[in-house]
Amino acid sequence: MVARSRGLLGSRHLLFSLLLHTAWEVGNGQVHYSVLEEAKHGTFVGRIAQDLGLEVGELVSRLFRMVSKGRRDYLEVNVQNGILFVNSRIDREELCGRNPVCSIHLEVIVEKPLQVFHVEVEIKDINDSPPMFSVRQKNLFISESSPLESRFPLEGALDADIGENALLTYSLNPNEYFTLDVKKKDEKMNSLKLVLKKVLDREETTEHHLLLTATDGGKPELSGTIQLLITVLDVNDNAPEFERTVYKVRLFENVPNETLVTKINASDLDEGLNGEIMYSFTSDVSSNVQDKFHIDQVNGEIKIKGNIDFEETKLFEFQVEATDKGTPRMVGHCTVLVEIMDINDNAPEVWVTSLSLPVREDAPPGTVIALISVSDRDSGANGQVTCSLSLLGPFTLVSTFRNYYSLVLEGQVDRETVPAYELVVTARDGGTPALWAKARVSVDIGDVNDNTPAFEQPVYTVFVKENNPPGCHIFTVSASDPDAQENALVSYSLVERRVGERPLSSYVSVHSESGKLYALQPLDHEELELLQFQVNARDAGFPPLSSNVSLQVFLLDENDNPPVVLPPHAGVSPVTELVSQSVTAGHVVAKIRAVDADSGYNAWLSYELLSEVGVGRIPFRVGLYTGEISTTRVLEEFDEPRQTLLVLVKDHGDPVMSATATVMVSLVASGQTLRTSGVAHAKVKEGGRAEAPLVDINVYLIIAICSVSSLLVLSLLFYAAIRCSTPLEGLYNPRKPTVVCSSDMGSLSYSQQRHPKICSGEGATKRDLMAFSPNFPPCLGDRGQQLQADPEPGKVSLEIILR
């Protein structure tokens, strides 16, 4: 039979139809089927997908699965057609014993979206168990003087089936002495007695052999038999009689041993040995009764000697007989009915079925994490179970059905804060005192790529010496990601930009895994002082997250450029300087100008006069830092008219690098010197400078003063005019001017022949004003003006650089 019921607006409609001895029902979210026990493998139970409103084609994609609480896989679902069928042999008697209702509870789970259905499959009884007597043969001793209609109680048979299949009828094989009397005492037991119909005669027949048959009401009928051996005894006038034919007792389970159950009492009207009574269980009493109870043969007290468990046996029914000591012995019988009452002696049981583990960080509230089912073997309030969650957190328990709960996410979770939760589910029954059970649920939080890689600081400053070998390691960047697995796997790359006219990747590279930075080519401080760029750190999550860090790579100068002498003394041929023989000591003959492409100490130049002849005989010297060649004394007649001076220009780097300049000095008379100087100034004017007329005016002024003043005054004014006249700078290289700052001590110079660049990735050239002291190296990376005292008191030397 197939039956289906749906709850709609509080009303129920029943639909019945015949379909392969199965039934199903939908009501309050539950589907009900029924199937006969002992059904063969593959027996159809129901179209579960259709009855649950699921599409058959979506069962696989929605991860259809079925969970049976504490049961074997008796049933299975074919996900190709959505049919529930029998998977293995089902024995109702083994599964549920004599309980009138036997069901298998299933949970059907589908995802996308998550849905949980409760399915109950009732196991219908078939007549597969025959009636069974406790013994194969029962011995009865009946006196020959027993009157007609005497009744002798018999122990009935047991049938493991239920319902009609367990309704027994008894029959006795045809004979002339005995008949069978079967009466229903109450709902719980039948009275089965052997009735004497003909007077026994021991001298005629000492034993009677009877066959008692029990037949159940199933189809087909099954039966069981017991042999009755009746021995006829000599006369013992009176048999013992009990006060009551039935003793009913109510007893709590788990009572201790030696607890008194009841005391039976029988009396015998005879005297002497014929009136002395002994109590005992009947010979065919079940072994279960013998294991649980014992009877005192003298006083008739029945006591406990084994464990009494309500969940195992709820009712004990057995026969007790009282036998006198006469000859022949007479026996009286009574029935003892012991009803067991439940106490709260069974703790609840908890089953957890995980669904969505681990729980992703981005799981929305309401996500079902696990299904929890509870049960208690006790009955009544002792078997009513409530469930609670003992650990606070973003989780809650929602009751979905009788003794079924769902563990539901009710808030946001963050794996980086709490990577896992250890939840404790407590099931407590309603007994007094209450019993409980706990189940631990480990909820791991699944990682989601929600954290970007992070560097320890936003900007790194790196100092690298120029002229590095290609491929050298200059720095290592490192970013951390608090995510897990591939979400925390960080790779590095350059944020590509152009540095001037070249791509950044032609200068540096970064290892994608280690974050090590390498210089791909030798770097030149004179070409590039500062390289600014960004490194990107990207994780392997989906979608990937990334962050950037800025790097400032300062190139430290090395002394790799020698000084360069500027025109007019830069040529191979020496320059001839004309000097009047009448000049005094300290007269400036010429000025050597040189530049160094390096910076700091490596660009701080000094000058030194070299000569093949002893220095003491040369009437000239050169300023250590100014490069000015001047006379050391008044020129004399014996001085050579033409002298060659070799000036060594060297820097203060390590190692020292140098250059030389050659100057030819010709001694001439005073008038010839003036004329030559005029010609020289005219040549300078042709070179492009407008300062020559000013020099001519100074010459004319000196001549006028010389005509009026004394030779001493003339010498002083001539010297002052030369010292105060503006140096002719930039006449030799108008496209590449040189900025020189000079003092009485000397000068430092810088050439703009090569423009140093500070590159930040955009290719823009930055210019600023920098000054370095010749006495101490400037601080690396500082910008602005630095001024320090010269070793000689009262003198200051500055190097001013326009960038």
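**Exercise 1.** With which residue does Lys591 form a salt bridge, and how far apart are the closest N and O atoms?

*Solution.* In this predicted model, the partner of Lys591 is Glu628, and the closest N and O atoms of the pair are 3.9 Å apart, which satisfies the criterion that a side-chain nitrogen of Lys or Arg lies within 4 Å of a carboxyl oxygen of Asp or Glu. Lys591 belongs to strand β48 (residues 588-591) and Glu628 to strand β52 (residues 628-631), so the salt bridge ties together parts that are 37 residues apart in sequence. Lys591 is buried, at a relative accessible area of 17%, whereas Glu628, at 22%, is partly exposed.

**Exercise 2.** Determine which residues are joined into one network by salt bridges that share partners.

*Solution.* Begin with Glu149 and Lys197, whose closest N and O atoms are 3.0 Å apart; Glu149 sits in the loop between β11 and β12, and Lys197 in the loop between β15 and β16, 48 residues apart. Next, take the salt bridge between Asp181 and Arg151, with a distance of 3.2 Å between the closest N and O atoms; Asp181 is in strand β14 and Arg151 in strand β12, so this pair connects parts 30 residues apart in sequence. Finally, salt bridges with shared partners unite Glu149, Arg151, Asp181 and Lys197 in one network.

**Exercise 3.** Describe the strand order and pairing of the open sheet that contains β20.

*Solution.* The three strands follow the order β20-β24-β23 with antiparallel pairing, and the edge strands, β20 (260-263) and β23 (293-295), each pair on one side only. Three bridges join β20 to β24, and Lys263 stands opposite Glu301 in β24.

Notes:
Residues are numbered from 1 along each chain as its sequence is written. This is a predicted model: local features need pLDDT of at least 70, side-chain atom pairs count only at pLDDT 80 or more; totals for chains, interfaces and linings use all residues. Side-chain values use heavy atoms; hydrogens and water are left out. Two strands pair if DSSP finds at least two bridges between them. Helices (H or I, at least four residues) and strands (E, at least two) are DSSP runs, numbered from the N terminus. Buried means under 20% relative accessible area, exposed over 50%, partly exposed in between (1.4 Å probe, protein chains only).
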